[in-house]
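This report describes one protein model in running text, with one small table. Please keep the sequence and the structure in view while reading.

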Amino acid sequence: MSGHKNSLTRWLIYGANGYTGELIAREAVQRGLKPVLAGRRRESVETLARELGLEALAFGLDDTEVLAKQIQGHTLVLNCAGPFSATAAPMMEVCLRAHAHYLDITGEIAVFELAQSLGFRARDAGVVLCPGVGFDVIPTDCVAAALKEALPDATHLALGFDSRSGFSPGTAKTSVEGLAQGGKVRRDGKIITVPLAYEVRRIDFGDGEKDAMTIPWGDVSTAYYTTGIPNIQTFIPGSPRMIANARRANYVRPLLGLPWVQKLIKAHIAKTVKGPNEEKRAQMPTFVWGEASNARGEKRTARIRTANGYSLTITGSLAVVEHLMAVQRAGGTYTPAQLMGSDLVARLPGSGPLLLV
């Protein structure tokens with residue numbers, strides 16, 4: 001498929017009526033792309049589609065047969081409907097059957113692991129599965145790949161980012177699910193559960209040194225497939241109070257996992273959380289950092305400044321969509337850096353150069 005045919009290529013944004021899905025749909029139209037907009041809520045999907053002059057579909061993900069009919073005839077699906085713990089599995093399954101590439105903007109470890117487990121099926125179907133084509137995990141994945149190139153025998157990898165951007169409702173709901181599952185790190189190639197804020201250290205993400213704590217970010221899964229480095233941790237900066245609260249949450253974690261508690265917190269989020277507006281996004285760059293070390297104690301550090309997480313999710317996801325429309329790729333499960341190279345993040349608007357020391 002050549003790049004000129006992309007207006008003829010039927011592709012679909014699922015969850016186009018959500019905060020991030022809508023931003024991606026609007027930018028896609030600005031670029032002359034014509035995605036089909038889809039989601040569970042007919043009214044809001046159709047209203048947006050009318051405004052943008054696009055086709056709309058309304059369907060849920062509960063009935064595989066209905067879902068298969070809706071996806072048939074599309075070459076690619078970009079899933080923007082979180083929490084992806086609920087939407088990724090049925091959508092990946094149907095994409096494999098319909099021979100449609102699957103992309104999403106998740107940061108959820110379980111979704112990345114699911115995609116990896118489907119790698120052979122994807123290869124046989126000629127389908128690209130590439131979850132995490134947003135801020136989770138493009139910047140950190142590219143930093144991981146660059147560090148592996150710089151220090152090929154690395155045994156330990158730490159990644160992280162300093163972002164002051166607010167949450168969208170979907171991101172907030174996902175992080176509440178994450179809290180209940182505890183912290184995650186990769187040790188000797190295996191993902192293990194650890195307490196929240198398991199490790200705290202001082203890190204200069206690119207905007208001065210700060211206290212930072214481990215979080216269960218997607219790279220605990222993806223960076224391993226990108227680099228093969230067996231020990232991986234991911235960090236964000238946190239005030240002493242935030243770190244203390246995270247550690248306190250370890251005691252109530254079993255409660256956080258109860259369905260009714262999750263429902264209560266998510267209902268509160270739906271009412272109170274609104275994603276940042278364009279002006280706010282423009283003022284909030286993100287600082288991304290990584291450090292690799294080998295058995296001899298040699299270290300390499302990488303840093304890059306990027307656009308706000310939501311802005312990067314818009315340009316990053318569409319960069320991958322346009323790539324798959326223009327280039328024939330072998331089927332299989334990919335991370336963003338495996339699919340498009342470690343320089344992908346540096347090519348996105350608002351990104352500074354990737355600096356290695």
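H99 lies in the loop between α4 and β5 (101-104); helices (H or I, at least four residues) and strands (E, at least two) are DSSP runs, numbered from the N terminus. Phi of H99 is near 55°, a positive value in a residue other than glycine, and H99 comes just after α4.

The model is predicted: local features need pLDDT of at least 70, side-chain atom pairs count only at pLDDT 80 or more, and totals for chains, interfaces and linings use all residues. Residues are numbered from 1 along each chain as its sequence is written, and side-chain values use heavy atoms, with hydrogens and water left out.

**Helix α4 and the nonpolar core**

Helix α4 covers residues 84-98, 15 residues in total. From its first C-alpha to its last α4 reaches 20 Å, close to the 21 Å expected at 1.5 Å a residue, where the expected span is 1.5 Å times one less than the number of residues. Several residues of α4 are buried, among them F84, M91, V94 and L96. Buried means under 20% relative accessible area, exposed over 50%, and partly exposed in between (1.4 Å probe, protein chains only).

M91 of α4 also belongs to the largest nonpolar core, which has 94 residues. A nonpolar core is a set of buried Ala, Val, Leu, Ile, Met, Phe, Trp, Tyr and Cys residues joined through side-chain atoms within 4.5 Å. The residues with the most contacts inside this core are W11, L37, F59, I71, L78 and M91. Apart from this core lies another, of seven residues, including A158, I203, A212 and W289. In soluble globular proteins, nonpolar side chains tend to be buried together. Leaving aside its neighbours within four places in sequence, M91 is in contact (heavy atoms within 4.5 Å) with Y14, F59, L61, L67, I71, V77, N79 and Y102.

**Backbone features in loops**

Ahead of α4, P83 lies in the loop between β4 (76-79) and α4, and a cis peptide bond joins G82 and P83. A cis peptide bond also joins D136 and V137, and V137 is placed in the loop between β6 (128-130) and α7 (138-150). D188 has a positive phi although it is not a glycine; D188 is found in the loop between β8 (183-187) and β9 (190-194). With a relative accessible area of 61%, D188 is exposed. The table gives the angles.

| Site | Backbone angle |
|---|---|
| G82 and P83 | omega about -10° |
| D136 and V137 | omega about 10° |
| H99 | phi near 55° |
| D188 | phi about 50° |

**Three polar side chains**

T47 is found in helix α2 (residues 42-52). T47 is partly exposed, with a relative accessible area of 43%. The side chain of T47 reaches the backbone oxygen of E43 at 2.7 Å. The C-alpha atoms of T47 and N17 are separated by 9.1 Å, the two residues being 30 residues apart along the chain.

T333 has its place in strand β15 (residues 332-333) and is buried, at 16% relative accessible area. Its side chain reaches the backbone oxygen of A115 at 2.6 Å. Beyond four places in sequence, the contacts of T333 include A115, Q116, L118 and Q338.

S342 is found in the loop between α14 (336-340) and β16 (355-356), and it counts as buried at 17% relative accessibility. A polar contact of 3.2 Å joins the side chains of S342 and E149. A polar contact is a pair of N or O atoms within 3.5 Å; within protein, one must be able to donate a hydrogen and the other to accept it, and residues adjacent in sequence count only if both atoms are side-chain atoms. E149 is also among the residues in contact with S342, as are C142, A145, A146, A337 and L354, leaving aside neighbours within four places in sequence.

**The protein as a whole**

The protein has 14 helices and 16 strands. Of its 357 residues, 55% are buried. Among contacts between residues at least 6 apart in sequence, 72% join residues at least 24 apart. The protein exposes about 15,500 Å², of which carbon and sulfur atoms supply 55%; accessible areas come from the Shrake-Rupley method with a 1.4 Å probe, and for residues only the protein chains shown count as cover.

The average pLDDT, the predictor's confidence in each residue from 0 to 100, is 89, and 85% of the residues score at least 70. Over residues 1-7 pLDDT stays under 50, and the model has eleven contacts beyond four places in sequence for this stretch. Where pLDDT is low, the predicted coordinates should not be read in detail.
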